[in-house]
Amino acid sequence: MHSPRPSASPNSSPAQPQWNPQQSSPMPSHRYLPAWDRVDVPLVDRDWPTHRTTSAPLWVPVDLRDGNQALAEPMDPERKRRFFELMITMGYKEIEVGYPSASQADFDFVRDLVRLDLIPDDVTIVVFTPARAELIARTFEAVEGVRKAVVHMYTATAPTWRDVVLGYDRNSLRHMIFEAACDILHRGGDRPGIRFEFSPEVFVLTEPDYAIEVCNGLTELWQACPDRPVVHNLPATVEIATPNLYADQIEYMHKNLDRRESVILSVHPHNDRGTGVACAELAVLAGAQRVEGCLFGNGERTGNVDLVTLGLNLHAQGVDPMIDFTHLDDVKAVVEYCNRIEVHPRHPYAGSLVYTAFSGTHQDAIKKGFAHHRAAAERAGRDPSEMPWAVPYLPIDPADVGRDYTAVVRVNSQSGKGGVAYLLETEYGVTLPREVQVALARKVQQIADVTGRELTVAQLWDVLCTHFPEHAHSRAADAVR
Ligand SMILES: CC(=O)SCCNC(=O)CCNC(=O)[C@H](O)C(C)(C)COP(=O)(O)OP(=O)(O)OC[C@H]1O[C@@H](n2cnc3c(N)ncnc32)[C@H](O)[C@@H]1OP(=O)(O)O
Ligand SMILES: CC(C)C(=O)C(=O)O
């Protein structure tokens with residue numbers, strides 16, 4: 001049973017309203033089929049829209065495999081080791097450490113982790129392999145002697161990949177997957193610390209009944225039980241649609257997987273449409289229990305889903321992400337070093353500019369918000385850091401991730417009196433009367449308009465000293481003198 005084609009959104013009426021003067025563009029959009037014509041969307045009596053996420057899923061960073069395979073210069077052993085240690089420090093407990101059959105470097109890295117006993121007892125490593133006998137053999141060689149590992153086998157299951165890339169029909173591909181899975185069972189089935197994972201690559205374009213048939217077959221073959229569950233990891237290898245479609249696909253699997261208590265339902269979103277985070281969040285509402293991704297969203301093309309944003313999105317909802325982000329700038333520095341890619345200044349939670357307001361009304365609100373926050377803490381007899389957070393324009397307290405408040409307000413031609421006054425108050429301890437704030441802001445704005453530049457706090461102080469010397473009495477400035 002499949003759902004009828006969903007109705008068009010209210011915005012897509014063919015009769016364009018007179019208030020919308022947009023014209024047809026020269027974009028060749030007709031070349032692309034909507035997702036609804038590319039894959040059957042299973043009928044879902046949807047539950048996910050009414051769910052809430054109240055606990056963190058199991059996070060599985062795949063930086064050392066999916067992230068690494070997307071780098072122009074894959075990580076050297078020293079970089080891989082630093083990244084691995086960082087993830088351990090942050091609290092990740094299941095970490096994909098590589099594709100050991102891909103290269104000697106990948107193989108050696110996994111061997112070093114095992115031989116040098118670098119994997120803490122409560123951490124499970126994941127090793128990745130295609131469904132090819134010689135590469136499976138090499139993968140097991142890599143984890144020889146490990147205490148705990150997940151052997152993760154993948155094969156593309158979507159029609160185009162079956163037809164064009166692999167050259168199998170549905171039956172012969174299933175046969176090929178099961179043969180490889182038997183090999184894996186044979187090599188690892190008796191080893192207590194070894195568990196199995198399967199990814200039907202390009203799950204989002206795979207017929208749902210085929211995905212179910214293959215996954216359920218593997219659950220059976222691998223003898224999954226609650227004590228030794230299998231992971232079925234359902235990747236949006238390339239994003240194809242709005243996140244609600246992915247959520248429907250995940251909920252369909254959640255409701256149709258056999259031995260559900262013996263299956264860990266995992267997701268692996270990429271970010272081709274820029275909606276990887278939304279896909280993961282809706283997928284968790286739809287039944288996913290485990291999320292694979294990369295720190296700050298490195299990975300193939302536009303990247304894997306960003307585990308930092310996902311974790312801190314939970315934090316900002318009052319849910320413990322179970323990962324330590326308290327030194328986020330240090331985390332960022334290590335990841336930038338290892339990947340040789342910079343994190344964007346606007347990156348959620350971590351970018352250099354994300355706790356900074358240049359614009360006047362935002363600054364005014366932040367200034368009032370901080371004052372209100374401090375006063376509320378005083379009234380309650382508590383430290384401000386323990387009080388519920390409600391400062392406007394700052395979705396979380398920057399201090400939670402190790403930032404101070406110095407960059408919260410910066411002044412340029414978009415700023416107003418509130419921002420200027422805030423900086424002089426916090427940096428110089430001077431509280432200006434409202435009329436002085438207004439007049440000073442006018443002077444500052446004239447300067448900023450002429451130079452087109454930001455003004456430093458020292459420059460603001462100079463403007464105050466020049467034009468309103470009678471108000472330039474500051475504790476901080478006195479201390480400097
Ligand atoms: C979505 C993902 O991220 S998938 C992971 C992708 N990551 C990587 O590819 C990084 C590491 N890869 C490698 O180092 C190499 O590709 C290797 C060592 C695995 C294989 O190398 P090669 O043997 O030279 O093969 P090549 O790279 O051309 O791979 C394509 C072959 O693998 C087959 N193949 C692709 N995926 C799979 C799979 N999951 N299971 C079995 N066979 C597969 C293809 O059909 C093709 O076979 P053909 O040559 O008979 O047509
Ligand atoms: C095979 C899986 C896990 C993957 O990396 C992808 O589909 O992007």
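Q: Which residues touch the most other members in the largest nonpolar core?
A: V97, V127, Y246 and A283 do, in a core of 98 residues. Keep in mind that this is a predicted model.

Q: Take V127. What does V127 touch, leaving out residues up to four places away in sequence?
A: The list is V97, G98, P100, V110, T139, A142, V143, A149, V151 and H152. V97 also belongs to the group of four that touch the most other core members.

Q: What about another core, apart from the largest one? How many residues does that have?
A: That other core has 23 residues. Among them are A357, F370, Y422 and A441.

Q: Switching to confidence. What is the average pLDDT of the protein chain?
A: The chain averages 95. At least 70 is the score for 95% of the residues.

Q: And what ipTM and pTM does the complex get?
A: The predictor gives an ipTM of 0.95 and a pTM of 0.94.

Q: Ligands next. How many residues surround ligand 1, and which are the closest?
A: Ligand 1 has 15 residues around it. Q69, A102, P130, A131 and T155 are the closest.

Q: Which elements give two or more residues to that shell around ligand 1?
A: Two helices and a strand: α2 (63-69), α6 (159-166) and β4 (149-156).

Q: How does the ligand 1 shell split by class?
A: Eight residues are nonpolar, four are polar and three are charged.

Q: Now ligand 2. Which residues are around ligand 2?
A: D66, Y154, S199, E201, N233, P235, T237, H268 and H270. Strands β5 (194-201) and β6 (230-236) are the elements that each give two or more residues to this shell.

Q: How many nonpolar, polar and charged residues are in the ligand 2 shell?
A: Two nonpolar, five polar and two charged.

Q: Backbone check. What is the phi of F296?
A: Near 65°, so a positive value in a residue that is not glycine. Most residues other than glycine have a negative phi.

Q: Where is F296?
A: In the loop between β8 (290-293) and α11 (307-315).

Q: Is F296 buried or exposed, and why?
A: F296 is buried, because 28 other C-beta atoms lie within 10 Å. The cut-off for buried is 20 or more.

Q: M322 has a positive phi too. About what value?
A: About 65°, and M322 is not a glycine either. M322 sits in the loop between α11 and α12 (328-339).

Q: Why does M322 count as partly exposed?
A: Because M322 has 17 other C-beta atoms within 10 Å. Partly exposed lies between the exposed limit of 12 or fewer and the buried limit of 20 or more.

Conventions
Residues are numbered from 1 along each chain as its sequence is written. Chains are lettered from A and ligands numbered from 1 in the order in which they are written. This is a predicted model: local features need pLDDT of at least 70, side-chain atom pairs count only at pLDDT 80 or more; totals for chains, interfaces and linings use all residues. A residue is near a molecule or strand if its C-beta atom, placed from the backbone, lies within 6 Å of it. Helices (H or I, at least four residues) and strands (E, at least two) are DSSP runs, numbered from the N terminus. Ala, Val, Leu, Ile, Met, Phe, Trp, Tyr, Cys and Pro count as nonpolar, Asp, Glu, Lys and Arg as charged, and the others, Gly among them, as polar. A nonpolar core is a set of buried Ala, Val, Leu, Ile, Met, Phe, Trp, Tyr and Cys residues joined through C-beta atoms within 7 Å. Two residues are in contact if their C-beta atoms, placed from the backbone, lie within 7 Å. pLDDT is the predictor's confidence in each residue, from 0 to 100.
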